[in-house]
Amino acid sequence: MDFVDGRFLAYVAVAGLLIITPGPDMALVSRNALRSGVDAVAPTALGVGLGILGWAAAAAFGVATLLARSATVFTMLRLAGAAYLIVLGLLALRSVLRTRAGGHAAPQPAPTSADPYVSRRLAFLQGLTGNILNPKAAVIFLTLVPQFLRPGDGPARAMVMVALFEVMLVSWLLLYGRGLAGLGASPVGRRLRRRFETVAGVVLVGLGVRVAWESLGAAP
């Protein structure tokens, strides 16, 4: 691949920093990993990855450009995403409160795939929906990718850049989520599980409130 040059490597470095920066996708993976264990990690990550591919396709067909130019559409989508994050966070906090109400004598069981709170299908749908309702994913393909393209590069370079971003994102979410799920399944992790779940719920609510605040502040 003769297009693997300094520009391409710089793109990989910047994309990597964006991917590992905490945000809604990581918060959702954290919540599902802690609640339902490792079996919920892959579906959540794949849902996020499919959402990213959807935004990439939307950018190619100009939908993302419309979002960037229309403040009203962009604000409405951000508010929908904010509401979704807040609902997920409140559900996580409600689960913690129910656990506390049930008493502290019985040991907390390790998360399993049988946990009805987050099934594999639901985890996938949450990852997909959460990413689709995050218009910042569209901005990545409108602002980041073009910065590392030059006239004459050809479509193959852009396609490889988008595909690499997808692979890096899903791989990171899988690695991060599995590590977190492993912690939740350990003896120490089981004792800390409720605290982590509380943090995940607060983070999701906080992200949703922040997105809503920024959207309303930027609205005309």
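Which residues of H1 are buried? I shall open with that helix and then move through the rest of this predicted model.

The buried residues of H1 are Phe8, Tyr11, Ala15, Gly16 and Ile19. They cover an arc of only 135° around the axis, and therefore sit on the same side of H1. The spacing of these positions can be read against a general property of helices. An α-helix has 3.6 residues a turn, so residues three or four places apart point the same way. On the face of H1 turned away from the buried side, the exposed residues are Gly6, Leu9 and Leu17. The length of H1 is also consistent: its 15 residues should span 21 Å at 1.5 Å a residue, and the end C-alpha atoms are indeed 21 Å apart.

One residue of this helix deserves a separate remark. Ala15 is located in H1, and its relative accessibility is 0%, so Ala15 counts as buried. Its C-alpha atom is separated by 9.2 Å from that of Leu164, although the two residues are 149 residues apart along the chain.

Let me now place H1 in its context. The protein chain contains 9 helices and 0 strands, so the order of elements from the N terminus, in the notation of the secondary structure, is α-α-α-α-α-α-α-α-α. Of the 220 residues in the chain, 43% are buried.

The UniProt record, an unreviewed entry, places the feature "transmembrane region" at residues 6–28, 40–67, 73–93, 128–149, 155–175 and 196–213. Two of these spans may be described in the model. Residues 73–93 are 100% helix and 0% strand, with end C-alpha atoms 31 Å apart. Residues 155–175 are likewise 100% helix and 0% strand, and here the end C-alpha atoms lie 30 Å apart.

I turn next to H2, which runs over residues 24–36. How many of its 13 residues are buried? The number is 12, so H2 is largely enclosed by the rest of the structure. The buried residues are Asp25, Met26, Ala27, Leu28, Val29, Ser30, Arg31, Asn32, Ala33, Leu34, Arg35 and Ser36. For the 13 residues of H2, a rise of 1.5 Å a residue gives a span of 18 Å, and the end C-alpha atoms are 18 Å apart, which agrees. Just after H2, Gly37 adopts a positive phi of about 80°.

A comparable description applies to H3, at residues 41–60. This helix has 20 residues and reaches 29 Å from its first C-alpha to its last, close to the 28 Å expected at 1.5 Å a residue. Just after H3, Gly62 takes a positive phi of about 90°.

In H5 I would draw attention to Gly89. Gly89 has a relative accessible area of 0% and is buried. Its C-alpha atom is 6.2 Å from that of Val202, a residue 113 positions away along the chain.

The remaining topic is internal space, beginning with the largest pocket. It holds about 720 Å³ of space. Of the 36 residues that line the pocket, the closest to its centre are Thr21, Pro22, Gly23, Pro24 and Asp25. Which helices each supply at least two residues of this lining? They are H1 (6–20), H2 (24–36), H5 (71–101), H6 (120–132), H7 (136–147), H8 (155–185) and H9 (187–218). H9 provides the largest share, with 7 residues. By class, the lining comprises 25 nonpolar, 7 polar and 4 charged residues.

There are also 2 cavities of 30 Å³ or more. The second largest cavity contains about 40 Å³ of space. Its lining consists of Pro24, Asp25, Leu28, Tyr84, Leu85, Leu88, Gly130 and Leu204. H2 and H5 each supply at least two of these residues. By class, 6 are nonpolar, 1 is polar and 1 is charged.

To close, I return to two residues of H2. Pro24 and Asp25 are among the residues closest to the centre of the largest pocket, and both also line the second largest cavity.

Technical notes:
Residues numbered from 1 in each chain as written. Predicted model: local features only at pLDDT ≥ 70, side-chain atom pairs only at ≥ 80, totals over all residues. Heavy atoms only, no water. UniProt positions renumbered as here; feature names shortened; annotations may be inferred. Helix = DSSP H or I, 4+ residues; strand = E, 2+ residues; numbered from the N terminus. 1 Å grid on protein atoms, 1.4 Å probe; cavity = no way out; pocket = protein on both sides within 12 Å on 5 of 7 lines; lining within 4 Å. Points joined across faces, edges and corners; volume = space filled by probe spheres on them. Nonpolar A, V, L, I, M, F, W, Y, C, P; charged D, E, K, R; others polar. Expected span 1.5 Å × (residues − 1). Buried < 20%, exposed > 50% of the residue type's maximum accessible area, 1.4 Å probe, protein only. Arc of directions from axis to C-beta.
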